[in-house]
Amino acid sequence: MAEIKVMQSVLASNDSLAARQLAELDKHGVLGINIMAGPGAGKTALVERTADALAGRFRIHVIEGDLHGDLDARRVAAHGVPCTQVNTEGGCHLDSMMMGAVWPDLDLANLDLVIIENVGNLVCPAEFRMPVHHNVTMLSTPEGSDKPSKYPLAFSRSDVVVVNKIDLLPYVDVDLAELRRAVAKLRPDIPVLELSARTGAGVDAWLGWLEGRLVGRRGTRDA
Ligand SMILES: Nc1nc2c(ncn2[C@@H]2O[C@H](COP(=O)(O)OP(=O)(O)O)[C@@H](O)[C@H]2O)c(=O)[nH]1
Ligand SMILES: [Mg+2]
Ligand SMILES: [Zn+2]
């Protein structure tokens, strides 16, 4: 019982800090998104594609969450986008306290989009509210169609699902219709976007979804 109370208060203080950070994004009309997926689903690959496609039109800052090292931050920075690495030192998710540590790095007055790549894990990242407008859950075709049913929280707290690595469909045993049904049981209204961050197939639909949100924000700021 005591343990439950402590957990509730940890989550409540995380929530209120995330809400304050999100209010700062709102003040500057900046869109925040949080990408969640298991290790290797292709989060960084999608961030790289997104950076290439949107740079020049939108000002982006990426926050990379990993247990150790800065491999992903180096990959993203190579695309000319400012990127801050957060190391959780063994922690399996990001939270708003960790965001607080890097928040001063963000030049909010001169940004349109903050992309957070969460730690590779389909479980607890979804439990911790982040300073973003939308969660994105990614899954790659080799992981199989049952993952939304087995890890429902991430999917039910997301506004879009990205199914990556469709270039591997001839080689893997995944039923995309079943996967869509599993997502629809949790969130009937959200888009499921099939793409390949490697070949670029389907990436336009993802960019379209994201740009739709960005334009909405820009409208807020100019108003
Ligand atoms: N075949 C294929 N491989 C991909 C695709 N996207 C990423 N990968 C590969 O999958 C591995 C993990 O990708 P990464 O972006 O590091 O995933 P993350 O751990 O979720 O950030 C790397 O070897 C990528 O080159 C894809 O669409 N198709
Ligand atoms: Mg990564
Ligand atoms: Zn965790």
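**View 1. H61 sits in strand β2 and reaches out to T84.** Let's start inside this predicted model, with H61 in strand β2, which covers residues 60-66. Is H61 buried or exposed? With a relative accessibility of 6%, H61 counts as buried, because the cut-off for that word is under 20%. Its side chain isn't without company, though: the side chain of H61 makes a polar contact with the side chain of T84, at 2.8 Å.

**View 2. Three residues hold the magnesium ion (ligand 2).** Which residues coordinate this ion? They are T44, through its OG1 atom, D72, through OD, and E117, through OE, and the distance is 2.1 Å. If you walk along the chain, these donors follow the spacing T-x27-D-x44-E. D72 belongs to helix α3 (residues 71-77) while E117 belongs to strand β4 (residues 113-117), so this pair ties together parts that are 45 residues apart in sequence. Now check how covered the two are. D72 has 11% relative accessibility, so it counts as buried. E117 is at just 2%, so it counts as buried too.

**View 3. Ligand 1 has 17 residues around it.** Which of them come nearest? That would be G40, K43, T44, R75 and D167. You've already met T44 as one of the residues that coordinate the magnesium ion (ligand 2). Here an N or O atom in the T44 side chain is 2.8 Å from an oxygen atom of ligand 1. K43 brings a polar side-chain atom to 2.7 Å from an oxygen atom of ligand 1. A41 takes part with its backbone instead: one of its polar backbone atoms is 3.2 Å from an oxygen atom of the ligand. How much of ligand 1 does the protein bury? Taken alone, ligand 1 would expose 580 Å², and the protein buries 76% of that.

**View 4. The zinc ion (ligand 3) is held by two cysteines and a histidine.** The atoms doing the job are SG of C92, ND1 of H93 and SG of C124, at 2.0 to 2.2 Å. In sequence, the donor residues are spaced C-H-x30-C. Where do the two cysteines lie? C92 is in the loop between β3 (83-87) and α4 (96-102), and C124 is in the loop between β4 and β5 (134-140), so the pair ties together parts that are 32 residues apart in sequence. As for cover, C92 is partly exposed, because its relative accessible area is 35%. C124 has a relative accessible area of 11%, so we call it buried.

**View 5. Two residues other than glycine show a positive phi.** One of them is E89, which isn't a glycine but has a positive phi of about 50°. E89 lies in the loop between β3 and α4, and that's also the loop that holds C92. Is E89 buried or exposed? It counts as exposed, because its relative accessibility is 58% and the cut-off is over 50%. The other is K165, with phi near 70°. Look for K165 in the loop between β6 (160-164) and α7 (176-186). Its relative accessible area is 24%, so K165 is partly exposed.

**View 6. A nonpolar patch shows on the surface.** Which residues form it? V6, M7 and V10 do, and together they have about 230 Å² of accessible area. M7 is part of helix α1, which takes in residues 2-27. With 36% relative accessibility, M7 lands in the partly exposed group, because that group runs between the 20% and 50% cut-offs.

**View 7. Two pairs of residues let you compare sequence with space.** Take R74 and Q85 to begin with: they are 11 residues apart in sequence, and their C-alpha atoms are 8.9 Å apart. R74 is in helix α3, the helix that also holds D72. R74 is exposed, because its relative accessible area is 56%. Now try L106 and K147, which are 41 residues apart along the chain. How far apart are their C-alpha atoms? They are separated by 34 Å. L106 lies in the loop between α4 and β4, and its relative accessibility of 7% is why it counts as buried.

Terms used:
Residues numbered from 1 in each chain as written. Chains lettered and ligands numbered in written order. Predicted model: local features only at pLDDT ≥ 70, side-chain atom pairs only at ≥ 80, totals over all residues. Heavy atoms only, no water. Patch = residues over 30% accessible without salt bridge, like charges linked within 9 Å, V, L, I, M, F, W, Y side chains within 5 Å. Areas by Shrake-Rupley, 256 points an atom, 1.4 Å probe, with all protein chains shown as cover. Salt bridge = Lys/Arg side-chain N within 4 Å of Asp/Glu carboxyl O. Helix = DSSP H or I, 4+ residues; strand = E, 2+ residues; numbered from the N terminus. Buried < 20%, exposed > 50% of the residue type's maximum accessible area, 1.4 Å probe, protein only. Donors = N, O, S within 2.8 Å, 3.2 Å for Na, K, Ca; no water. Near = heavy atom within 4 Å. Polar contact = N/O pair within 3.5 Å; in protein donor to acceptor, adjacent residues only side chain to side chain.
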